[in-house]
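Q: Please take a close look at one part of this structure with me, the place where its helices pack. I would enjoy a connected account, with a few individual residues for context.

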Amino acid sequence: MKQWKRDLYLSIGMFLVSAGNILYGIALKDRVMKYTLARADTYLILWLSCLMLLSVLLFLRTLRNKPQDEAVPIFTKITVFTTLWLCVYVFLLRQIGFVLDTGLFLFVLFAVYSTIKEGPEKDKKKLTRKALLWLVLSVVVTLAIYYSFTVALSASLPAGRLINLTL
């Protein structure tokens, strides 16, 4: 597929999705908050308006330049894997809780992306060191996110039905 065709389809699709969700946001009207900037629908409409503007700019650029290059595929093995793994993450979030689920999610992504970038590791010592690094990074990032949301923002994150791990 030519790049200009793909960009044209994407810009039209983004415009339609944005327009539909802006209408949804207008119909949503948060009645609890009396200040406009404190309402959720305000930010929904704001961000979708930005997406709509970007889709119009992409549409205009595509019509003006009409790039004849072959489009780089969007759905590669890694994007399909990441999408499926994200679906598994969302499904497991209520089952095993935020802390374990996010740690597992990040560990697997670190492992897969590193293996794709550097190739499979043959040396067991190096693989063990890499796995330890992935584990430490996963734990540190998960705990940073957890404490940012629970302490700084006073938000509650899913604890899990099967495994209830709260810190």
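**A close look at helix packing**

A: Leu137 is partly exposed, because its relative accessible area is 36%, which falls between the 20% limit for buried and the 50% limit for exposed. Bear in mind as we go that this is a predicted model. Leu137 belongs to helix H5, which covers residues 124-152. Another residue, Phe149, is twelve places away from Leu137 in sequence, and their C-alpha atoms are 18 Å apart.

Now to the packing itself, and the pair H3 and H4. Their axes approach within 8 Å and cross at roughly 165°. That angle is over 145 degrees, so H3 and H4 run roughly antiparallel to each other. The crossing of the two helices is right-handed. On the H3 side, the contact is made by Ile78, Phe81, Thr82, Trp85, Leu86, Tyr89, Leu92, Leu93 and Ile96. H4 answers with a list that includes Phe98, Asp101, Thr102, Phe105, Val108, Leu109 and Ile116. Sorted by class, this contact has 17 nonpolar residues, two polar ones and one charged one.

The same region leads us to the largest nonpolar core, a set of ten residues: Trp85, Tyr89, Leu93, Phe98, Val99, Phe105, Leu106, Val108, Leu109 and Tyr146. Both H3 (77-96) and H4 (98-118) contribute at least two residues to this core, and H4 gives the largest share, with six. As a general background, nonpolar side chains in soluble globular proteins tend to be buried together.

Tyr89 is a good place to zoom in, being one of the core residues. Setting aside residues up to four places away in sequence, Tyr89 touches Phe98, Asp101, Thr102 and Phe105. Of these partners, Phe98 and Phe105 are also listed in the core.

For context elsewhere in the chain, look at Asp7 in helix H1, residues 3-28. Asp7 is buried because its relative accessible area is 5%, under the 20% limit. Beyond its neighbours within four places in sequence, Asp7 is in contact with Leu58, Arg61 and Thr62.

Finally, follow the chain to the segment after H5, where Ser154 is found. Ser154 counts as exposed because its relative accessibility is 64%, over the 50% limit. Its backbone deserves a glance too: Ser154 has a positive phi of about 55° although it is not a glycine. In general, most residues other than glycine have a negative phi.

Technical notes. Residues are numbered from 1 along each chain as its sequence is written. This is a predicted model: local features need pLDDT of at least 70, side-chain atom pairs count only at pLDDT 80 or more; totals for chains, interfaces and linings use all residues. Side-chain values use heavy atoms; hydrogens and water are left out. A nonpolar core is a set of buried Ala, Val, Leu, Ile, Met, Phe, Trp, Tyr and Cys residues joined through side-chain atoms within 4.5 Å. Buried means under 20% relative accessible area, exposed over 50%, partly exposed in between (1.4 Å probe, protein chains only). Helices (H or I, at least four residues) and strands (E, at least two) are DSSP runs, numbered from the N terminus. Contact means heavy atoms within 4.5 Å. Axes are lines fitted to C-alpha atoms, for helices over the stretch in contact, and angles run from 0 to 180 degrees between N-to-C directions. Angles under 35 degrees count as roughly parallel, over 145 as roughly antiparallel, 65 to 115 as roughly perpendicular and the rest as oblique. A crossing is left-handed if the near helix is turned anticlockwise from the far one by less than a right angle, and right-handed if clockwise. Ala, Val, Leu, Ile, Met, Phe, Trp, Tyr, Cys and Pro count as nonpolar, Asp, Glu, Lys and Arg as charged, and the others, Gly among them, as polar.
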